[in-house]
Amino acid sequence: MMAGSQNTARIIGVIGASGSGKSRWLKGTLAKGDPAKLLIWDPLNEYDHGRIVTDLRELVETLAALEPADPFKLTYRPGPDMATYSKKFEAFCALAFEVPDVCCVIEELADVTSPSYAPPAWSRLSRQGRHKGMTIFAASQRPTLMDKTFLGNCTMIHCSRLNDENDVKTMSRYLGVSQEQVRAMVADKAAGRFDFIERDMQTGKTVAGHLT
Ligand SMILES: Nc1ncnc2c1ncn2[C@@H]1O[C@H](COP(=O)(O)OP(=O)(O)O)[C@@H](O)[C@H]1O
Ligand SMILES: [Mg+2]
């Protein structure tokens with residue numbers, strides 16, 4: 001499914017325009033890696049991994065009932081009211097931080113962060129989570145709307161088609177490839193082709209591939 005995909009990183013930024021294949025790649029990567037502990041922030045109701053939880057209190061109670069070594073999968077759906085997201089996301093990140101070795105997936109990160117502001121619990125998770133054995137995937141349509149600390153802390157970046165010229169320039173810098181190479185990526189639903197470029201931020205190794 002993922003020609004050329006690397007799979008070593010712990011903090012993975014997943015960047016690309018809407019419909020460019022971010023969630024498809026994430027689902028394929030989760031299926032391949034099959035993490036023992038999985039916690040998903042799912043604002044678009046598109047994941048169905050393990051138990052689906054829509055109530056924050058239920059999420060708290062479910063996690064509290066687990067023994068440290070228990071495997072689990074939880075999909076948390078914060079619902080349609082984005083005005084409630086900042087409080088819910090803060091709680092979600094604080095809960096995730098208490099679970100060693102968890103694989104955490106954040107969809108649509110730019111809904112809950114901004115270039116100059118990261119919620120404190122998210123900031124702690126993305127800065128210190130690695131030391132607790134965590135793997136964090138965070139997806140966004142717009143790199144320019146993500147908090148800069150997060151992109152700077154990524155151990156791997158997976159980037160698919162971008163439509164905005166500022167985003168092309170930004171990702172060209174982060175990926176260390178030409179703007180032309182970033183701009184040329186294709187997301188073609190009819191052809192079932194979704195290009196991506198990945199960079200291992202620790203080694204600098206860059207790979208181009210596509211979902212098929
Ligand atoms: N399981 C699937 N089978 C076929 N097409 C899919 C599937 N999942 C998503 N798609 C389509 O693939 C494209 C990429 O989807 P998606 O990964 O959700 O993009 P993104 O998360 O970047 O917005 C979309 O056009 C979507 O309709
Ligand atoms: Mg998506």
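In this predicted model, an oxygen atom of ligand 1 lies 3.1 Å from an N or O atom in the side chain of Lys 189. The protein covers 59% of the 560 Å² of accessible area that ligand 1 has on its own. Backbone atoms take part as well: a polar backbone atom of Gly 21 is 3.1 Å from an oxygen atom of the ligand, and one of Ala 17 is 3.5 Å from a ligand oxygen. The residues surrounding ligand 1 include Ser 18, Gly 19, Lys 22 and Phe 194. Helix α1 (residues 22-33) supplies the largest share of this shell, with 3 residues. By character, the shell divides into 2 nonpolar, 5 polar and 3 charged residues.

Aromatic rings offer a second point of interest, with a count of 9 aromatic pairs. Tyr 76 and Phe 92 are stacked, with 6.2 Å between ring centres and 25° between the planes. This pair links strand β5 (residues 72-76), home of Tyr 76, to helix α3 (residues 85-97), home of Phe 92, across 16 residues. Both Tyr 76 and Phe 92 are buried. The rings of Phe 89 and Trp 122 are 5.8 Å apart at their centres with planes at 45°, so this pair is tilted. Because Phe 89 lies in helix α3 and Trp 122 in helix α4 (residues 120-128), the pair ties together parts 33 residues apart in sequence. Phe 89 counts as buried, at 0% relative accessibility, and Trp 122 counts as buried at 0%. One aromatic cluster includes these four residues together with Trp 41, Tyr 85 and Phe 150.

Charges also meet rings here. The charged end of Lys 27 sits over the ring of Tyr 47, 5.0 Å from its centre, while that of Lys 132 sits over the ring of Phe 97, 4.3 Å from its centre.

Note on methods: Residues are numbered from 1 along each chain as its sequence is written. Chains are lettered from A and ligands numbered from 1 in the order in which they are written. This is a predicted model: local features need pLDDT of at least 70, side-chain atom pairs count only at pLDDT 80 or more; totals for chains, interfaces and linings use all residues. Side-chain values use heavy atoms; hydrogens and water are left out. A residue is near a molecule or strand if one of its heavy atoms lies within 4 Å of it. A polar contact is a pair of N or O atoms within 3.5 Å; within protein, one must be able to donate a hydrogen and the other to accept it, and residues adjacent in sequence count only if both atoms are side-chain atoms. Accessible areas come from the Shrake-Rupley method with a 1.4 Å probe; for residues, only the protein chains shown count as cover. Helices (H or I, at least four residues) and strands (E, at least two) are DSSP runs, numbered from the N terminus. Ala, Val, Leu, Ile, Met, Phe, Trp, Tyr, Cys and Pro count as nonpolar, Asp, Glu, Lys and Arg as charged, and the others, Gly among them, as polar. Rings of Phe, Tyr and Trp (its six-membered ring) pair if their centres lie within 6.5 Å; planes under 30 degrees apart count as stacked, over 60 as edge-to-face and the rest as tilted. Buried means under 20% relative accessible area, exposed over 50%, partly exposed in between (1.4 Å probe, protein chains only). A charge sits over a ring if NZ of Lys or CZ of Arg is within 6 Å of the ring centre and within 35 degrees of the ring normal.
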